[in-house]
Amino acid sequence: MSLSKITTTVGTIDVGKTRLMFWDLGGQEELQSLWDKYYAESHGVIYVIDSTDEERLSESKRAFGSGGVPILVLANKQDVETCLSIPDIKTAFSDCINKIGKRDCLTQACSALTGKGVNEGIEWMVKCVVRNIHRPPRKKDIT
Ligand SMILES: Nc1nc2c(ncn2[C@@H]2O[C@H](COP(=O)(O)OP(=O)(O)OP(=O)(O)O)[C@@H](O)[C@H]2O)c(=O)[nH]1
């Protein structure tokens, strides 16, 4: 595999007094073994789902990791008329309930094209992370 496929991009966003650092992890199956290393140091996980691609939903489901940090599912491309609705997506993910467990989880409709719904999702994540400040990620588990 070429190195450029593994490299992750990092971005930072300040929301009030909170600074969020993002790692963009590739979704390809051969990269998924690396995810656990990132999960172990993360305070939250955001899954960006393509709401127009029903076939790849099952792929996203397989990628759903277990753990204790909040999960934001951003159902992207909601501007496309034929997209899956939020109830459809929630139904598709209903068998992931065991992996979600007791942690916070939100499925938020959004469109990267128009920007709609993105802020709502990020603000929700900030609230969860700040509230969990005494519940840090599983850093000790890193091998
Ligand atoms: N209509 C619509 N198109 C979108 C939206 N978000 C992304 N796209 C389009 O979907 C295509 C893929 O977008 P990318 O941002 O390259 O997706 P990606 O998952 O980051 O792709 P990788 O480069 O493989 O990681 C592009 O043609 C985008 O313009 C959206 O909210 N609405």
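**Exercise 1. Sort the residues of the shell around the ligand into nonpolar, polar and charged, and say how many fall in each group.**

Solution. The count comes to 3 nonpolar, 2 polar and 2 charged residues in the shell around the ligand. To see where that comes from, list the shell: Asn76, Lys77, Asp79, Val80, Ser111, Ala112 and Leu113. Val80, Ala112 and Leu113 go in the nonpolar pile. Lys77 and Asp79 are the charged pair. That leaves Asn76 and Ser111 as polar. Keep in mind throughout that you're working with a predicted model.

**Exercise 2. Take Lys77 from the shell and work out what is unusual about its backbone, then where it sits and what it touches.**

Solution. Start with the backbone angle. Most residues other than glycine have a negative phi. Lys77 isn't a glycine, yet its phi is positive, at about 65°.

Next, place it. Lys77 lies in the loop that runs between β4 (71–76) and α4 (86–92). Is it buried or exposed? Lys77 has 19 other C-beta atoms within 10 Å, and buried would take 20 or more, so Lys77 comes out as partly exposed.

Now its contacts. Leaving out residues up to four places away in sequence, Lys77 touches Asp50, Ser51, Thr52, Cys83 and Ser111. Thr52 is a nice one to check on screen: it is 25 residues from Lys77 in sequence, but the two C-alpha atoms are 6.8 Å apart in space. Ser111 turns up here as a contact of Lys77 and also in the shell around the ligand.

**Exercise 3. Draw the open sheet of 3 strands: give the strand order, the pairing sense and the edges.**

Solution. First, the order: β3-β4-β5, paired in parallel. Then the edges: β3 (45–50) and β5 (105–109) each have a single partner strand, so each has one side without a neighbour in the sheet. Neighbouring strands are turned by 20° against each other on average, ignoring direction.

Zoom in on one pair. β3 and β4 run parallel over 6 bridges. To get the register, use Val48, which stands opposite Leu74 in β4, and Ile49, which stands opposite Ala75 in β4.

Finally, add the helix. α6 (residues 118–131) packs on this sheet and touches β3, β4 and β5, and its direction makes about 165° with that of β5.

**Exercise 4. Explain why β4 counts as largely enclosed.**

Solution. Count the buried residues: it's 6 of the 6 in β4, so the strand is largely enclosed by the rest of the structure. Then split them by face. In a regular strand the side chains alternate between the two faces of the sheet. In β4, Ile71, Val73 and Ala75 are on one side, Leu72, Leu74 and Asn76 are on the other, and all are buried, which leaves both faces covered.

**Exercise 5. Find out which element gives the most to the largest nonpolar core.**

Solution. Begin with the membership: this core has 16 residues, and Ile49, Leu72, Val73, Leu74, Ala75 and Ile89 touch the most other members. β3, β4 and α6 each supply at least two residues. The top contributor is β4, with 5 residues.

Now follow one member outwards. Not counting residues up to four places away in sequence, Ile89 touches Ile49, Ser51, Ala75, Leu84 and Thr107. For background, nonpolar side chains tend to be buried together in soluble globular proteins.

**Exercise 6. Compare the core with two other residues: are Ile13 and Val130 buried, partly exposed or exposed?**

Solution. Ile13 is in strand β1 (residues 9–15). It has 11 C-beta neighbours inside 10 Å, so Ile13 counts as exposed. Val130 is in helix α6, and with 13 such neighbours Val130 counts as partly exposed.

Then check how the chain brings distant parts together. Ile13 and Ile122 are 109 residues apart in sequence, with 9.7 Å from C-alpha to C-alpha. Val130 and His43 are 87 residues apart along the chain, and their C-alpha atoms are separated by 9.4 Å. For the chain overall, look at contacts between residues at least 6 apart in sequence: 73% of them join residues at least 24 apart.

Methods. Residues numbered from 1 in each chain as written. Predicted model: local features only at pLDDT ≥ 70, side-chain atom pairs only at ≥ 80, totals over all residues. Helix = DSSP H or I, 4+ residues; strand = E, 2+ residues; numbered from the N terminus. Buried ≥ 20, exposed ≤ 12 C-beta atoms within 10 Å, placed from the backbone. Pairing = 2+ DSSP bridges. Axes fitted to C-alpha atoms, helices over the stretch in contact; angles between N-to-C directions. Contact = placed C-beta atoms within 7 Å. Near = placed C-beta within 6 Å. Core = buried A, V, L, I, M, F, W, Y, C linked by C-beta atoms within 7 Å.
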